[in-house]
Amino acid sequence: MKIDKSAALYKKALDLMPGGVSSPVRAFKSVGGTPLFMKKGAGSILTDEDGNEFIDYCMSWGPLILGHADPDVIGAIVDAAQSGTSFGTPNRFEVELAALVTARMPSMEKVRFVSSGTEAVMSALRLARGYTGKDRIVKCDGCYHGHADHMLVAGGSGLATFGTPDSAGVTQGNARDTIVVPFNDLDRLEDVFKKERGQIAAFILEPVPCNYSLIPPFENTMYYYSTSCPDSADPAINTCFKSDGYLAAVRRLCDEYGVLLVFDEVITGFRLAPGGAQEFFGVKADITTFGKIIGGGLPVGAYGASREIMAKVAPDGPVYQAGTLSGNPLAMSAGIATLKKLESIKAYAHLDELAAEFRTMLAPALRKHEGRLLFLQMGSIFAFYFTAGPAVLSLDDVKACDMKLFARFHAQMLGRGVYLSPSGYEVGFLSTAHSGRELEATARAVSESLDAIL
Ligand SMILES: *Cc1c(COP(=O)(O)O)cnc(C)c1O
């Protein structure tokens, strides 16, 4: 593969930008090699500066559920741009998107638009604190919520309750009010709720953790592998759909201890179902955050809740939060076009079909290498794990995966024209633009790549 132009750009970028990138994972540090500089996206295909074409499964890390440069989304952006790129005033697009979002999310009566997922989470947690008058936030180890200071906190060692800064520049003070618990562990959560009774404003989690690979929310392994998995007869492929396990229990615990439940649906929102993970699993959050798909590929985030909770947000209430470009007409238009099209083309049924086709195509290769890797899929989200373990349900299970092997797999796939997210800790996304033929080519590439490295 010729990568002269990407290599030259990378060299220049390294001189001008930290790591040569605008976001760390793009630097290919965990897979090695030169990050490719893309110049064009169309449907499921990415083209780099050297003219190499790839079937893309990173999809800009999730927003592009309709594929790159969807004509309806682009049309909406162009139309909006012709009337001005920003007004700094209210506009009709915000009202339209707010109506579309709240109609899909029964737990959300009002919404505030911001410009990124990070901002949505940061604001949602300020709101949770402002509403409850309590300071502490509980989060799950391995869940990513953007880069706000009080979310860049890792679990303390052993049974230590309070977190430790997970980045230079985050203060002990920031970490002190964040308590970290393991995902899928109800006992630890209840311990913390008991010990800190009356101090906790909110419990925030990704209902399906997608940023430390893909961890399904179940409270025990047996449940995950037996009753809930239609494909559980095939240990190489496990597809999980619904459960009334961990998330429903979390909801009950939050109610019992008076803690607000915040679902960070920046990835799962409009991805797992029109109503996100809340619809998919039948569990309602008190406050919800969005990003990624809601902006249709433009920078947007949002948070929302009941009227009562949202009444605390400025200018109605005392919780301050603002944004120069919030509710931007281009970004709102891209979001509107995306949500409308997802409905009009019955995208979720189509994505489920694609996902089923994909795992059927992958099955022979996965079976051949059984015991070396797992493939996990939830709706249109998937992940490859190089592990002998029968399941990946916790951070420790993810840590046991062979990331060096993933790096080799990634390079093999890239060489065969498939662009996976450049880290084994990230997931892959199907879009409605992926065709059966492209999935077949991908399955072939997976099979050849696995043969090459295992
Ligand atoms: C991507 C992501 C964020 C951060 O969103 P940005 O737009 O990158 O700031 C927050 N939470 C989750 C679950 C995410 O996947």
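Select the shell around the ligand and colour it by class: you get 3 nonpolar, 6 polar and 3 charged residues. Keep in mind that you're looking at a predicted model. By name, the residues to pick are Ser116, Gly117, Thr118, Tyr144, His145, Gly146, Glu206, Asn211, Asp264, Val266, Ile267 and Lys292.

Now zoom in on the ligand's polar atoms. One of its oxygen atoms sits 2.8 Å from a polar backbone atom of Gly117. At Thr118, look at the side chain instead: a polar atom there is 2.6 Å from a ligand oxygen. For a ligand nitrogen, go to Tyr144, where a backbone N or O atom is 3.4 Å away. Switch on a surface and the protein turns out to bury 83% of the 380 Å² that the ligand exposes when taken alone.

From the ligand shell, keep Asp264 selected and add Thr289. The side chains of these two residues are joined by a polar contact of 3.0 Å. Thr289 belongs to strand β12, residues 287–290. Is Thr289 buried or exposed? It's buried, at 0% relative accessibility. Expand the selection and you'll find Thr289 touching Ala120, Val121, Ala124, Phe263, Glu265, Val266, Ala302 and Tyr303, among others.

Next stop, Phe270, in the loop between β11 (260–264) and α9 (276–281). Check the backbone here: phi is positive, about 60°, although Phe270 is not a glycine. The residue is buried, with a relative accessible area of 0%.

Phe270 also leads you to Leu342, since the two are in contact. You'll find Leu342 in helix α11, residues 329–344. With 2% relative accessibility, Leu342 counts as buried. Beyond its sequence neighbours within four places, its contacts also include Ile65, Leu66, Ile293, Ala347 and Tyr348. Try a C-alpha distance from Leu342 to Pro274: you get 8.2 Å in space, for 68 residues in sequence.

While you're checking the backbone, jump to Pro315, in the loop between α10 (307–310) and α11. The peptide bond from Ala314 to Pro315 is cis, with omega near 10°.

Then select Ser213, in the loop between β9 and α7. Here's another non-glycine with a positive phi of about 60°. Ser213 is buried, with 0% relative accessible area.

Time for the aromatics. How many aromatic pairs are there? The count comes to 19. Try Tyr212 and Tyr425: their ring centres are 4.9 Å apart and the planes meet at 40°, so the pair is tilted. Tyr212 is in the loop between β9 (200–205) and α7 (221–225), while Tyr425 is in the loop between β16 (418–419) and β17 (428–429), so the pair ties together parts that are 213 residues apart in sequence. Tyr212 counts as buried at 19% relative accessibility because the cut-off is under 20%. Tyr425, at 27%, is partly exposed.

Now select Tyr57, Phe358, Phe375, Phe382, Phe384, Phe386, Phe406 and Phe409: they form one aromatic cluster.

Finish on Thr387, in the loop between β15 (381–385) and α13 (395–399). Its relative accessible area is 9%, so Thr387 is buried. Not counting residues up to four places away in sequence, Thr387 touches Gly371, Arg372, Leu373, Leu374, Val392 and Cys401.

Key. Residues numbered from 1 in each chain as written. Predicted model: local features only at pLDDT ≥ 70, side-chain atom pairs only at ≥ 80, totals over all residues. Heavy atoms only, no water. Near = heavy atom within 4 Å. Polar contact = N/O pair within 3.5 Å; in protein donor to acceptor, adjacent residues only side chain to side chain. Areas by Shrake-Rupley, 256 points an atom, 1.4 Å probe, with all protein chains shown as cover. Nonpolar A, V, L, I, M, F, W, Y, C, P; charged D, E, K, R; others polar. Helix = DSSP H or I, 4+ residues; strand = E, 2+ residues; numbered from the N terminus. Buried < 20%, exposed > 50% of the residue type's maximum accessible area, 1.4 Å probe, protein only. Contact = heavy atoms within 4.5 Å. Phe/Tyr/Trp six-rings, centres within 6.5 Å; stacked < 30°, edge-to-face > 60°.
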